Amino acid sequence: MLYDQNPDPKQDENSSSGDSFSFLKETIKPKPVSREKIFMQLLRMAIYGVIIGMFACCSFFALKPWAEETFREDPQKVTIPEDAEDDATEADEQAAQEDAKTPVLDSASYQAMMESLSATAEKAGKGVVSVHAGSADGADDWMGTGSSDPGVAGIIAADNGQELLILADNSVCKDADTWEIVLADGSRCAAALKVQDQNRKLAVFSIVRSIVPEETWGKIQVADLGNSNIIGKGDPVIALGNLFGYDSGLGYGVVSSTALSTTFSDGDCRVISTDIPLEADGSGILLNQDGAVIGIVRQGIGPKNEEGGISATANALAISDMKSTMELLLNGEKVPYAGIYGVTVTATAAQEQGLPEGLYITAVDADSPAMAAGIQNGDVIREVDGKPISGFAAYEKAMLECQPGKEIGITGQRRGAAGYVDIRFTLTVGSRE
């Protein structure tokens, strides 16, 4: 048998090319989709969307307080504008009086006047609140358990972008560690004590803006602070607050006196006395005819009655005399304290009594920074931290510009065997929180 040892590749190639092959092609057709299947798919997608939306919504509300607390911006600085000067001259006032027509005093005009005062009080009342304290032992009587505690009246003094800041008398701070604010529409919000000044007996509470109900924002407002320097005897005034032992009291009256003042360490404050009745535990906010706050009604100030006690009428601390202190408190800052009482030595008194001009010290608080510095009764202060002191008002202003914890120099004079001699003190400014 013979074999071809050298096969020709071309023959194989030719033979292969002569063969023909065929392949099967398969076409996959989509299944027909019925309307029922389309509806079920859409329904399934809608259900998934609702579930995801609910989860996202719950997550948003759960994380919102944390996000606001973590990523919130710094609070805005609160600034209280200074009172505008009264530019009216006597000639202008006389011309205005000549041009003014004598009003018709009848029942219709009286009704119109009362309606005007009522409208003013209603609008201004949006900035008035009631501050209630919870008991230190955890018994939250103010949460609707039947407590008759009227609380103290306060005002929405500022909004720093993060909190509503409430100014009130600090008597509500005693023996309490929780507080609740009742706003003008009756809604209740938990509040925290931001800072207080036990010297002037003022406190600032804060309400986190996020807990204020949405529907409440249109029913409250930051109170308008007026100028109590231009208030005089006989001016009509409005009182709002817990005047009669319950929230939302309202009273009308007139200013009976502006000649009195109340004194505390390192300062004093004028008192606006009125003829509006006040309960023994009452408190309130005093407004002018325009609805601006001109005073904070406090117990224990004002003219005395025949028995020697304070008359049972609404007497208020003049708001203009407290604005510098309020600005510190509303920004969470401590109020400087030295512990000094004194009277102004005028040029006339200095000449008649042989005293140096300045602030004559009448008393020094026990365990106060002033006592620690060696200041005594009878000393006359001439300069505080480089600022000349002409009297009590200048001294108070200079002290409010000092920083608690800082050492300052106080110069003055003290009577010696040969007359008054210069003396210098180094005082560490304190505070009373």
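**Close-up views of aromatic pairs, a ring–charge contact and helix H4**

**View 1. Trp 179 and Phe 205 are both buried (under 20% relative accessible area with a 1.4 Å probe, protein chains only; exposed is over 50%, and partly exposed lies in between).** This is a predicted model, in which local features need pLDDT of at least 70 and side-chain atom pairs count only at pLDDT 80 or more, while totals for chains, interfaces and linings use all residues. Residues are numbered from 1 along each chain as its sequence is written, and side-chain values use heavy atoms, with hydrogens and water left out. A search of the whole structure finds 3 aromatic pairs, counted for rings of Phe, Tyr and Trp (its six-membered ring) whose centres lie within 6.5 Å. The ring centres of Trp 179 and Phe 205 are 5.6 Å apart and their planes stand at 55 degrees, so this pair is tilted (stacked is under 30 degrees, edge-to-face over 60, tilted the rest).

**View 2. Phe 244 and Tyr 246 form a tilted aromatic pair.** Their centres are 6.1 Å apart, with 45 degrees between the planes. Phe 244 is partly exposed at a relative accessible area of 25%, and Tyr 246 is also partly exposed, at 46%.

**View 3. Arg 432 lies over the face of Tyr 337.** The distance from the ring centre is 5.7 Å, where the criterion asks for CZ of Arg, or NZ of Lys, within 6 Å of the ring centre and within 35 degrees of the ring normal.

**View 4. The buried residues of H4 are Leu 117, Thr 120, Ala 121 and Ala 124.** Seen down the helix axis, these residues fall within an arc of 100 degrees (taken from the directions from the axis to the C-beta atoms), so they line one face of H4.

Conventions. Helices (H or I, at least four residues) and strands (E, at least two) are DSSP runs, numbered from the N terminus.
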